[in-house]
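User: I am new to this structure and would like to learn how to read it. Could you walk me through it step by step?

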Amino acid sequence: MSKLSTHQKWLLVILAVILINFAVWYFGLSPALEKVKAARKEFSTVEQQKISLQKRLGELNAIDAPVLQQEMDLMNVQVPELGYLREFLVYIEETAAKLGVELGNISIAEPREAGSYLSLDFSLSINGTYAQLYSFLKTFEQNERLLLVHSFNLSGEEKMSSSIQFTIYAEDFDQYTPHKAPGRENPFKDY
Amino acid sequence: MQMQVNLLPAQYRPKPAVRFWPILLTIIFMLNSIALSLYWLRLQVEITRAQSSLNSLQSEVNSLQRSVDEAEWKSQLAADVQKKRDFLGTEVTESVLWHPILNAIERAMIPGVTITNLNCASGGVVSLGGNTETIRTVSEFLGSLQTKTELEVIRIHSAVPEGGFQITLKDWSGRVVDEDE
């Protein structure tokens, strides 16, 4: 080293400084810059996420849930979640009795799919005067539940007979409808 | 060994030549070191700041996500309501209301005509069978039916004086004619 001239020594120092600069860049500054770049990129991604979440929250908050719930409650009366088949059969019998209509045969088909819901087809035979049968049909068609009469016929004079084909709707007709029965020892004998 | 002694006072002694390049290079090296250190320091500060901003933003996003998740039921409710509304709309629109036709027929009745059977089928087709005294009576009944039901297509298929007749009314929907009960 002592044999080197001052000029050469300075050249060595310059070389060493360049090497140190390169090392500092390679091992210190470049990774730090990458970190900054990555953090900025992630920040931008999260910010986009924030904007989309804010937009979604705005949309959700704009939904008037109480009004929708009210509408849903009304529509649930028309197309209930549960079929209430037992209650509906009782309703038919009670309506017929109230209007003085003689109830004949009730035929019920298997539930079938109707869009996202289920429908149940009925065929009903009734007897009575024209006024009674008219009232029965009108009561049926004005039922708060969605009850669509597809076809019906009327015949006779004073005492008339009619058959009505109609459909009711629900989300499920196979729900559990409990009834507390007293039971009987001999099911083949009515006491 | 010879020894050279300068006996001149210090201010008169010859000064060594100033070496310009070593000083300049030393200054450049020092400035370079300072610049590198400052830049590195600045990057570290920037990383810390970015990390802290990111954490803060992330917690904000998490909180927003929770709010969105909590409010998501509204969207489900809106979808369910729309689905049921569409279903009800379609079913009701495509259905036929029958009791108004009975009401319209009641109002269309004229003396000399009696209905014996009435059949209402899907598609809004109403078939009427009855008894009439004369052909004139049944034709007047046809006109009366047209007035009261506002239906365009009412066909008479058969009529027998002092006998039976058969009439068909088509395209009844029952949801547009005013009731007059």
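**Reading the two chains**

Analyst: Happy to! Keep in mind that this is a predicted model. A good start is how contacts spread along the sequence: in chain B, of the contacts between residues at least 6 apart in sequence, 56% join residues at least 24 apart.

User: Which elements make up chain B, and in what order do they run?

Analyst: Begin by listing helices and strands from the N terminus. Chain B has three helices and four strands, in the order α-α-β-β-α-β-β. The radius of gyration of chain B is 53 Å, well over the 16 Å that the globule rule gives for 181 residues, so chain B is more spread out than a compact globule.

User: What box do the C-alpha atoms of chain B fill, and how many of its residues count as buried?

Analyst: Along the principal axes, the box is roughly 170 × 30 × 30 Å. As for burial, 14% of the 181 residues of chain B count as buried.

User: Now for chain A. Where are its domains?

Analyst: Domain 1 of chain A covers 7–63, and domain 2 covers 78–170. Their C-alpha centres lie 75 Å apart.

User: How do I read strand pairing, and which strands pair with E3(A)?

Analyst: Look at the direction of the strands, then at the bridges between them. Strand E1 of chain A (residues 102–108) is antiparallel to strand E3 of chain A (residues 117–128), with five bridges; in one of these pairs, Ile106(A) has Leu124(A) as its bridge partner. Strand E2 of chain A (residues 112–114) also runs antiparallel to E3(A), through three bridges, with Ala114(A) partnered by Tyr117(A). Strand E5 of chain A (residues 160–170) is joined to E3(A) by 11 bridges, again antiparallel, and here Leu118(A) is matched with Ala170(A).

User: What links E2(A) to E3(A)?

Analyst: These two strands form a hairpin with two residues between them. In that turn, Gly115(A) has a positive phi of about 65°.

User: How many residues does each chain bring to the contact?

Analyst: Count each side separately: 49 residues come from chain B and 49 residues from chain A. On the chain B side, helix H1 (20–94), helix H2 (99–108) and strand E1 (113–121) each give two or more residues. H1(B) gives the most, with 37 residues. By class, this side has 26 nonpolar, 14 polar and nine charged residues.

User: Which strand of chain A is joined to E1(B)?

Analyst: Pairing can be read across chains as well. Strand E4 of chain A (residues 147–156) runs antiparallel to E1(B), and four bridges join them. To find the place in the model, look for Ser155(A), which stands opposite Asn117(B).

Notes
Residues numbered from 1 in each chain as written. Chains lettered and ligands numbered in written order. Predicted model: local features only at pLDDT ≥ 70, side-chain atom pairs only at ≥ 80, totals over all residues. Rg over C-alpha atoms; globule rule 2.2 N^0.38 Å. Buried ≥ 20, exposed ≤ 12 C-beta atoms within 10 Å, placed from the backbone. Contact = placed C-beta atoms within 7 Å. Domains from an automatic or database assignment. Pairing = 2+ DSSP bridges. Nonpolar A, V, L, I, M, F, W, Y, C, P; charged D, E, K, R; others polar.
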